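This report describes selected features of a single model, with short sections on one residue, the sheets and a pair of helices. Please consult the sequence and structure shown here alongside the text.

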Amino acid sequence: MGGSRFPFPTPGEPILHTYARLRDAGPVVPIELPDGVHAWAVNSYDALADVFARDNKVFSADPRHWTALHDGRVPETWPLRPLVSGDHLQVKDGVDHRRLRTLIARAFTAARVEAMGPRIAEMTAELIDGIAAAGDGVDLVPALTETLPMSVICDLYGVPHDERAQLRGWTTTLLSHTATGEEAAAANAALNSYLASLVDLKRREPGDDLTTGLVRAHDDEDRLSDDELVSALWVMLIAGHETTVHLLGNAIITLCAHRDQLALAIEQDLWPKVVEETLRYGGPVLGSPFRYTMTDTILAGVPVPAGEALWLSLALHGTEHGRYGDTADRFDITREQNGHLAFGFGPHFCVGAPLARLESRIALKALFERFPELSLATDSDAIQYNPSAITHGPLSLPVNLGPARERATEERLPEPA
């Protein structure tokens, strides 16, 4: 490519096509982000794994290491600034990262996540009853794939029901690559203001929820600063539902296109394998901003100077033939799982991954065992996806339900993966 930089995202091009061209350009490629901001895209499985392996040593999540962010080359109105600022888990390293992660992980222990299963199954059953009542043509995004993860995370946070829709709207704006800097900044300010007011509410009216737990860690244990308290809620709200929204949507689309795999999942109760294969084959996370080089380094044979930003291109890592063999492009829930990076790896592995997996297993099992002949009500090529280079999933998903099976009196939870 010489001295040129790959324009990313490429205006007018479907984002998955852009990621495919980016991967073809090389394992590590210089890119130009909106507003002329320079970075490097890390595109291959091996290069991504190398970054994760050298986290906290050569590569940092802390934007203090990004020279351009502090010398004026990144505009103050840059749309992605809200995602790389703040005082939250994803921009911390070392001791600070471990301290915050330990506090947040209290809400996502294996025992606590599994204990949420019956409530998630109950919410799912209620939503599917609504889908049955709506009939053919029902849009599964508002009816299920968006509503369930938002309900789960908001229950975890203790967010009142009538305040939940606005949280989803602010999140969508923050992750959109078509939002202006002003729109992103306004959404970020509104979200942070709301979370600060939620903290005040939980101080006055504590409950059995994550927000109350973090407030106590701040007030009683002095283990969180004011900024860290709100920022912890900020990052877990976004990360705690966005990926599951799109994981569900992508899984439904993929299963409708692979009826043999759907039949196998229903017959043999292979829903954990459906979730893992969807994460590999068409996961909800396309890219992760950013890691920063703490020193001059070589990555996949490419020299990268200190003080640079790395965009982690996760979009197509799961379909690399060198890693997953000649059938990498095939959706096959019976394949031997060879791992994937959909939730990251190493110190920054997604703390909410067990909850996303549990929600997805429960929801997909309940939906397709109730409607085993469910199919898309539109051509798959006509599905509109969210305008984001970070996450990927359908904005609308109209389906025809087909014959319904009777709802079981008691929902049986899928076995853990």
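## Glu276 and its surroundings

Glu276 is buried, its relative accessible area being 13% (buried means under 20% relative accessible area, exposed over 50% and partly exposed in between, with a 1.4 Å probe and protein chains only). The residue belongs to helix α15, which spans residues 271-282 (helices are DSSP runs of H or I with at least four residues, strands are runs of E with at least two, and both are numbered from the N terminus). When neighbours within four places in sequence are set aside, Glu276 is in contact with Gln337, His340 and Arg357 (contact means heavy atoms within 4.5 Å). A distance of 12 Å separates the C-alpha atoms of Glu276 and Leu248, which are 28 residues apart along the chain.

## Basis of the model

The model is predicted, and local features need pLDDT of at least 70, side-chain atom pairs count only at pLDDT 80 or more, and totals for chains, interfaces and linings use all residues. Residues are numbered from 1 along each chain as its sequence is written, and side-chain values use heavy atoms, with hydrogens and water left out.

## The six-stranded sheet

An open sheet of six strands follows the order β1-β2-β3-β9-β6-β4, with mixed pairing (two strands pair if DSSP finds at least two bridges between them). The edges are taken by β1 (6-7) and β4 (59-60); each has a single partner strand, so one side of each is left without a neighbour in the sheet.

Strands β2 (residues 28-33) and β3 (residues 37-42) are antiparallel and paired over six bridges, and Leu33 stands opposite Val37 in β3. These two strands form a hairpin with three residues between them, and Asp35 in the turn has a positive phi of about 70°. On pairing with β9, β3 runs in the parallel sense over three bridges; here Trp40 has Leu310 of β9 as its bridge partner. Five of the six residues of β3 are buried, so this strand is largely enclosed by the rest of the structure.

Helix α2 (residues 45-53) lies across β2, β3, β4, β6 (287-293) and β9 (309-313), and runs at about 125° to β9 (axes are lines fitted to C-alpha atoms, for helices over the stretch in contact, and angles run from 0 to 180 degrees between N-to-C directions).

## The three-stranded sheet

A second section concerns an open sheet of three strands, ordered β5-β11-β10 and paired antiparallel. Both β5 (138-139) and β10 (375-376) stand at the edges with a single partner strand each, so one side of each is left without a neighbour in the sheet. Two bridges join β10 to the antiparallel strand β11 (residues 398-400), and Leu376 stands opposite Val399 in β11.

## Packing of α9 against α13

The axes of α9 (residues 147-157) and α13 (residues 226-257) come within 8 Å and cross at roughly 155°. That makes α9 roughly antiparallel to α13 (angles under 35 degrees count as roughly parallel, over 145 as roughly antiparallel, 65 to 115 as roughly perpendicular and the rest as oblique).

The contact is made by Pro149, Met150, Ile153 and Tyr157 of α9, together with residues of α13 including Leu233, Met236, Gly240 and Leu248.
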